Amino acid sequence: MKYSIKNKHHVYPQLAGLADLLPRMEARGDHTLFKYPKGKEFVCVSNAEFAHMIRSVAAGLDAAGLAGKRIAIIGETSPEWVASYIGIITGGGVAIPMDKELAISEVEGFLSGVNAEAIIYSASFNEKLAATKENHPTLKKFIPLVGEADEKTLPFADLLAAGATALENGYVLPERDHEALATMLFTSGTTGTSKCVMLAEKNTCACVNAACATVDFCDQDVILSVLPIHHTYELAIMIAAIQVGITIGINDSLRHLMRNVAEIRPTGLILVPLFVSTIYKKIMDKAKKQGKDGLIKKMIPIAAHLPRKMRRKLFSAIHDTFGGRLEKIICGGAALNPELVKTFDAFGIQICEGYGITECSPLIAVNRYFANKPGSVGPAVPGCEARIAATGKNDLGFDEGEIQAKGDNVMMGYYNNDEANAGAFTEDGWYRTGDVGYIDRDGCIHITGRLKSVIVLESGKNVFPEEIEEYLEDIEEIAESVVVGRKQEGSDTVLLTAVVYPNKDAFPEGTDKDTMYKAIYDKIMEQNKRVASFKKIMALELRDEEFEKTTSRKIKRHLVK
């Protein structure tokens with residue numbers, strides 16, 4: 001039986017364009033939209049205040065001669081960042097969200113390549129962009145959130161003031177074509193390998209509408225923003241939260257995460273799998289130090305059969321760590337171990353896994369809160385279709401192959417890159433995700449790997465490392481892992497090798513590397529019993545440092561040698 005969304009508790013009007021958000025925010029008035037730390041205090045911004053900020057950004061850019069231009073935004077998550085993004089687009093321009101972790105030389109190269117004319121940036125970039133201001137070939141105006149005015153510099157406060165004056169004098173947002181270019185995003189990679197994804201307002205709004213229709217959030221919810229705001233995943237969630245009327249807490253740094261959780265007391269979180277597995281390991285490490293880890297493990301299968309309220313009471317100490325109100329987590333961005341979904345459910349916290357890719361704005365599929373299927377990423381969301389370009393049948397009898405998508409959420413294409421565009425779409429217009437998987441009888445998508453990361457054994461068998469890494473997550477002594485194929489010296493034999501960063505908190509202080517190696521190796525050999533013979537890990541390598549990651553906390557697999 002196919003899933004439906006008829007059980008949805010909350011119904012929200014469809015967004016045609018981002019300007020539709022404004023009257024809804026204005027109608028909510030003083031209801032808190034953002035809450036974020038500023039020094040030792042927490043500051044609140046109401047829906048009405050934020051709507052006025054957006055209108056002022058759009059009007060201020062118009063007054064500065066920047067309406068309709070391509071404008072970059074870089075810096076930490078803040079109401080000003082989000083208002084800039086929405087204000088640029090509703091004012092008729094093109095927003096270019098930038099990764100704040102990029103080297104300035106890369107930022108400069110990307111922006112000159114797309115002819116950006118202005119950049120809005122947080123105080124942490126004031127000094128970093130000083131030289132850029134003097135010699136960049138396309139950037140004409142620099143808009144710091146904090147800074148002084150000069151010939152090329154328009155401080156954000158002055159932009160808002162000019163916008164407020166323009167609004168008083170009758171400025172109104174322009175009509176805009178929702179199918180026209182609105183956002184330019186760079187995929188991860190250097191200036192030579194990265195591609196620029198072009199999204200129309202229609203693409204973003206299709207994604208937001210789908211998110212609102214398929215997840216169980218309402219205007220009584222509170223979330224905490226922890227992922228980088230330039231990423232489409234966090235950006236789409238942010239806009240969907242504004243559409244719904246959710247209060248959005250902002251985490252200013254991972255170092256302050258637990259302080260901010262205690263203050264914001266979220267009812268929901270939007271995370272990537274690495275955060276979920278880290279949270280679980282921290283819970284169990286703390287329990288182990290208190291001598292309670294064995295008890296928790298015994299209670300989990302019992303709790304799974306209890307009503308949710310009783311589960312939450314049983315694990316109240318764990319809930320207190322998150323402020324006592326956390327009920328749900330949406331997880332995406334990489335593969336999530338289905339056992340973690342079951343474990344958190346036993347705690348009384350539902351995890352619904354989803355799937356997306358920047359080129360699809362990014363949402364393609366998500367598990368429905370009322371029909372959650374751990375191990376899958378759920379069915380395709382409304383407005384998006386998914387199919388499998390089958391290359392054969394898997395062990396379960398389902399067609400398996402590349403996952404392809406089609407719908408209003410799919411990008412316009414890559415900027416100035418005919419070759420990439422030709423390879424990105426099929427002849428009949430479906431977007432090729434590069435992910436491999438299958439669709440089960442319920443219409444749920446299961447992802448088994450990436451085409452680019454597949455390991456081909458000498459037997460001709462294809463192994464997707466993500467599938468094996470998933471079961472390695474069950475080993476508490478492993479913090480992070482990447483599975484690679486190592487050729488034996490003087491032979492074509494490929495050994496599946498686990499490259500592991502140990503969870504040092506799982507060992508007594510001062511444990512030597514050899515002891516860690518043996519403990520992890522023994523656990524891997526035990527886990528090997530769960531998989532087919534050609535998928536067994538045959539070698540282990542330990543790392544002294546964490547894997548290098550993207551700002552969205554994905555391991556940079558291509559750097560693992």
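Guide: Strands are DSSP runs of at least two residues, numbered from the N terminus. With that, a place in this predicted model can be named by the elements around it.

Visitor: Where does P362 lie, then?

Guide: P362 is in the loop that runs between β13 (350-356) and β14 (363-366).

Visitor: What kind of peptide bond joins S361 and P362?

Guide: The bond between S361 and P362 is cis, with omega about 5 degrees.

Visitor: Which residue between α4 (104-113) and β5 (118-121) should I look at for its phi?

Guide: Look at N115, in the loop between those two elements. N115 is not a glycine, yet its phi is positive, about 60 degrees. N115 is partly exposed, because its relative accessibility is 43%.

Visitor: What is the phi of N416, and where is N416 placed?

Guide: N416, also not a glycine, has a positive phi of about 50 degrees. Its place is the loop between β17 (413-414) and α15 (418-424). Is N416 buried or exposed? With a relative accessible area of 68%, N416 is exposed.

Visitor: Now the cysteines. How many disulfides does the structure hold?

Guide: A disulfide is a covalent bond between the sulfur atoms of two cysteines. The structure holds zero disulfides. C196 is in none, and the nearest cysteine sulfur, that of C360, is 16 Å away. C196 is also buried, at 6% relative accessibility.

Visitor: Why is C444 not bonded to C352?

Guide: The closest cysteine sulfur to that of C444 is in C352, 11 Å away, so the distance is too far for a bond. The cut-off for a disulfide is within 2.5 Å. C444 counts as buried, at 0% relative accessibility.

Notes. Residues are numbered from 1 along each chain as its sequence is written. This is a predicted model: local features need pLDDT of at least 70, side-chain atom pairs count only at pLDDT 80 or more; totals for chains, interfaces and linings use all residues. Side-chain values use heavy atoms; hydrogens and water are left out. Helices (H or I, at least four residues) and strands (E, at least two) are DSSP runs, numbered from the N terminus. Buried means under 20% relative accessible area, exposed over 50%, partly exposed in between (1.4 Å probe, protein chains only).
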